[in-house]
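Hi there,

Here is the structure I promised to pass along. Have a look first, and my notes on it follow below.

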Amino acid sequence: MKKFVSLLLAFSLARCLAACGGSASSAVSGSAASSEAASSEAASSEAAQELSTTDALRIAGLKGPTTMGLVNLLSMEADGTAAMDYDLQLYGAADEIVPLLMKGELDMAAIPANLAATLYQKTNGGIQAVAVNTLGVLYVVEQGDTVQSMADLKGRTILSTGKGTTPEYVLRYLDKDVTIEYYSEATEVTAQMATTEDAIAVLPQPYVTAAGLQDETLRVALNLTEEWNKVADTQLITGVTVVRKEYAEEHPDVVAAFLTDYAKSVEAANTDLDGTAALCEEQGVVAKAAIAKKALPNCNIVCLTGDELKADAAAYLQVLFDADPAAVGGALPGDDFYWTAE
């Protein structure tokens, strides 16, 4: 596990002290004017103080596009524009996040959409979705020029991550006859491709970009979002951000403030490519900034909340359920799966 360490901790601590009215010594020795200024500053930050919790909001993400949309929370925290402190944690596979979330050691997490629905069932409604964070990011890549359509995958073995999550169920929905060889992380798939002749793989961005930069013989054969759109009338959703229901009930204002920050972070991911790419490399989300910068425009990073979240996620989960109820935990989640501000 890697932890995203808050940037400029000393600066943030100093800022927090200032927001609380300054140190005891300055209160004693300050002039009337400075006291008035401190009072004014404290009043102006009252809303932010009301949002503070005992600890920083603990949120986890996976290496790749879902966390690429989160990293700008770090720069916002550093420059004082974030609504709260964030403890952002990075993991290589969703099954590392699940037990931490279920044990209450995380408050939020960015995970595959169907996994979120499954956890809702397993926790009797204890998990809620607060945002769609990523749309379609999956591609079929190969060494050669043998795959021109989904039909060309018949009888072939496909290297992939995500057993039990988005890659598996998207592939199964598009072609039930494919053979999938699973690996725990996308980096393992790219490494295997480098040593396997005529390999075919399903990879998400930014690993498609990384693999192509490492091996110029690799070809993007199919965009699975385009293939999905040919047979389904719903958005292909890769990931959602979830919150523990207990945490959301105790801190609804924190959840709402997070979503405001999150929308800004996602906007920066889609507009400030240099800054976001640098943070991705610095925090280990993507190996190199150059890869992240090239991949970001193709990562479909979004922040869909409220009615848009419910409409898109519910339609997508319905498609998965109709194809295989096990994909969403055996049943569709209820309306309480979708968090909304009161």
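**What I found**

The protein has 17 helices and 12 strands. Please keep in mind that this is a predicted model. Of the 342 residues in the protein, 50% are buried. The accessible surface is about 15100 Å², with carbon and sulfur atoms accounting for 52% of it. If we take the contacts between residues at least 6 apart in sequence, 78% of them join residues at least 24 apart.

Let me start with the nonpolar interior. The largest nonpolar core contains 56 residues, and Leu-153, Leu-224 and Tyr-316 have the most contacts inside it. A second core, separate from that one, has 41 residues, among them Leu-70, Ala-110, Ala-248 and Leu-259. Back to Tyr-316: beyond its neighbours within four places in sequence, Tyr-316 touches Ala-113, Thr-166, Val-170, Trp-228, Thr-234, Gln-235, Leu-236 and Ile-237.

One of those partners, Ala-113, is also among the buried residues of helix 8. Helix 8 is worth a closer look: 8 of its 10 residues are buried, so this helix is largely enclosed by the rest of the structure. The buried set runs through Ala-113, Asn-114, Leu-115, Ala-116, Ala-117, Thr-118, Leu-119 and Tyr-120. What do these buried residues of helix 8 pack against? Their partners are helix 7, strand 4, strand 5, helix 9 (166-174), strand 11 and helix 17. Just past the end of helix 8, Asn-124 has a positive phi of about 55°.

Helix 7 (residues 94-102) buries Ala-94, Ile-97, Val-98, Leu-100 and Leu-101. The cover over these residues includes strand 2 (57-62), strand 3 (86-91), strand 4 (108-112), helix 8 (113-122), strand 5 (127-135) and strand 11 (237-244). Here too a positive phi follows directly after the helix, at Gly-104, with a value of about 80°.

Now for the aromatics. There are 6 aromatic pairs in the structure. In one of them, the ring centres of Tyr-120 and Phe-337 are 5.4 Å apart and the planes are at 75°, so this pair is edge-to-face. The two partners come from distant parts of the chain, 217 residues apart: Tyr-120 sits in helix 8, and Phe-337 in the segment after helix 17 (306-323). Both Tyr-120 and Phe-337 are buried. Elsewhere, Tyr-86, Phe-258 and Tyr-262 form one aromatic cluster.

Happy to talk any of this through.

Best wishes

Notes
Residues are numbered from 1 along each chain as its sequence is written. This is a predicted model: local features need pLDDT of at least 70, side-chain atom pairs count only at pLDDT 80 or more; totals for chains, interfaces and linings use all residues. Side-chain values use heavy atoms; hydrogens and water are left out. Buried means under 20% relative accessible area, exposed over 50%, partly exposed in between (1.4 Å probe, protein chains only). Helices (H or I, at least four residues) and strands (E, at least two) are DSSP runs, numbered from the N terminus. Contact means heavy atoms within 4.5 Å. Accessible areas come from the Shrake-Rupley method with a 1.4 Å probe; for residues, only the protein chains shown count as cover. Rings of Phe, Tyr and Trp (its six-membered ring) pair if their centres lie within 6.5 Å; planes under 30 degrees apart count as stacked, over 60 as edge-to-face and the rest as tilted. A nonpolar core is a set of buried Ala, Val, Leu, Ile, Met, Phe, Trp, Tyr and Cys residues joined through side-chain atoms within 4.5 Å.
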